[in-house]
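Let's take a look at how a protein is packed on the inside, and where it leaves room. Have the model open while you read.

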Amino acid sequence: MTIAVVFPGQGSQNKEMADSFSEVSSFNEVVDQGSEILKYDVREAIKNEKKINDTIYTQPLMLTISYAMWDTLIKKTSMKACIGAGHSLGEYTALVANNTLSFSDALMLVKKRAEFMSSAMVDVDGAMAAVIGLDGNKVGDICKEASKGGAIVEAVNFNCPGQTVIAGHTVAVEDITPVLKTSGAKIVKKLPVSLAAHTSLLKSVSNDIRDELGGINFNLDNSFDVIHNYDLSVSKNVERFIDCLSMQVCSPVRWIETMQTFKSNDISDVIEVGPGNVLQGLVKRFDKTLRVHSFSNIEDINSIKQVL
């Protein structure tokens, strides 16, 4: 058995995501540490509808809970990952899980990342939308053509065959919707976010993150490789980590190609660790021969043990 581990990003958060772990000491230790680093009560923020869906809170909350789940999983099972990846924000969790980044450094980085992203969008009317039923390359070509007029819309998440997320100026996202449908898209669904994540509109954020990364300690003796969203590479030196993490915020998430990399590495099982099961669904739609498992609830521990 060869195992890949994946970590979800923003959008998978929910108010119940920590509930089943309330009596698990290893989980609670990480959450307590997160609260101390962030200087607010993580558990209270999760239960606050406004906070949990505000990117300033969502990003550090997702990292804290996903890593707490990972810490619990490796302490309660014999799981050894061969390779890993995270979807957008989840890449930071993956780099804590494989010991490249310390939890405290990653949490402060993600907190800053969220603040930078939010600030960059203050004077920008941004939007994102999911495009279903149209080839991702076709979506990308249509976006490039539509962006020639000044307003920007870009393909930003290549999630699975037939599912691509676009983002940019709201007017551009709205204008391109009928064009995408005429071209064969079955559904174009606007998402409940105002951030134009992973677009060139966040280029300034990339520079801000690069500055923050310059003061971070990277452990190159990590426990498994993590595939970068930005270019599908696996970093082996500090400069590459800085390049890939800084560019990630204004570049597409190449999730289909990440799954293809898993296949080329003869991965047999993929375990999603973190709230929800979005990535589990994406992996299944990519290739049904990959066995997929989810660890988002303490009750999942028994099924994971059986797999191992």
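Here is a short tour of the cores and then the pockets.

Keep in mind that this is a predicted model. Start with the packing. In soluble globular proteins, nonpolar side chains tend to be buried together. Here, the largest nonpolar core has 71 residues, and the ones touching the most other members are Phe27, Ile65, Trp70, Leu101, Val273 and Phe295. Helix α4 (residues 55-76) supplies the largest share of this core, with 9 residues.

Pick out Trp70 and see who it meets. Setting aside neighbours within four places in sequence, Trp70 is in contact with Val5, Phe7, Met79, Ala97, Phe224 and Val273. Another core, of 19 residues, lies apart from the big one; Ala85, Trp255, Met259 and Leu290 are among its residues.

Now for the empty spaces. The largest pocket has a volume of about 930 Å³, while the second largest has about 400 Å³. Who lines them, by class?

| Pocket | Nonpolar | Polar | Charged |
|---|---|---|---|
| Largest | 17 residues | 17 residues | 4 residues |
| Second largest | 8 residues | 7 residues | 6 residues |

In the largest pocket, 38 residues form the lining, and Gln10, Gly11, Met128, Leu191 and Val193 lie nearest its centre. Strand β3 gives the most to that lining, with 4 residues. Helix α4, which you met in the core, is one of the elements giving two or more residues to it.

The second largest pocket is lined by 21 residues, with Gly136, Asn137, Gly140, Ala155 and Phe158 nearest its centre. Its largest share, 6 residues, comes from α7.

Note on methods
Residues are numbered from 1 along each chain as its sequence is written. This is a predicted model: local features need pLDDT of at least 70, side-chain atom pairs count only at pLDDT 80 or more; totals for chains, interfaces and linings use all residues. Side-chain values use heavy atoms; hydrogens and water are left out. A nonpolar core is a set of buried Ala, Val, Leu, Ile, Met, Phe, Trp, Tyr and Cys residues joined through side-chain atoms within 4.5 Å. Buried means under 20% relative accessible area, exposed over 50%, partly exposed in between (1.4 Å probe, protein chains only). Contact means heavy atoms within 4.5 Å. On a 1 Å grid over the protein atoms alone, a cavity is a set of points where a 1.4 Å probe fits but cannot get out, and a pocket is an open set with protein on both sides within 12 Å along at least five of seven lines; lining residues have an atom within 4 Å of a point. Grid points are joined across faces, edges and corners, and a volume is the space filled by probe spheres set on the points. Ala, Val, Leu, Ile, Met, Phe, Trp, Tyr, Cys and Pro count as nonpolar, Asp, Glu, Lys and Arg as charged, and the others, Gly among them, as polar.
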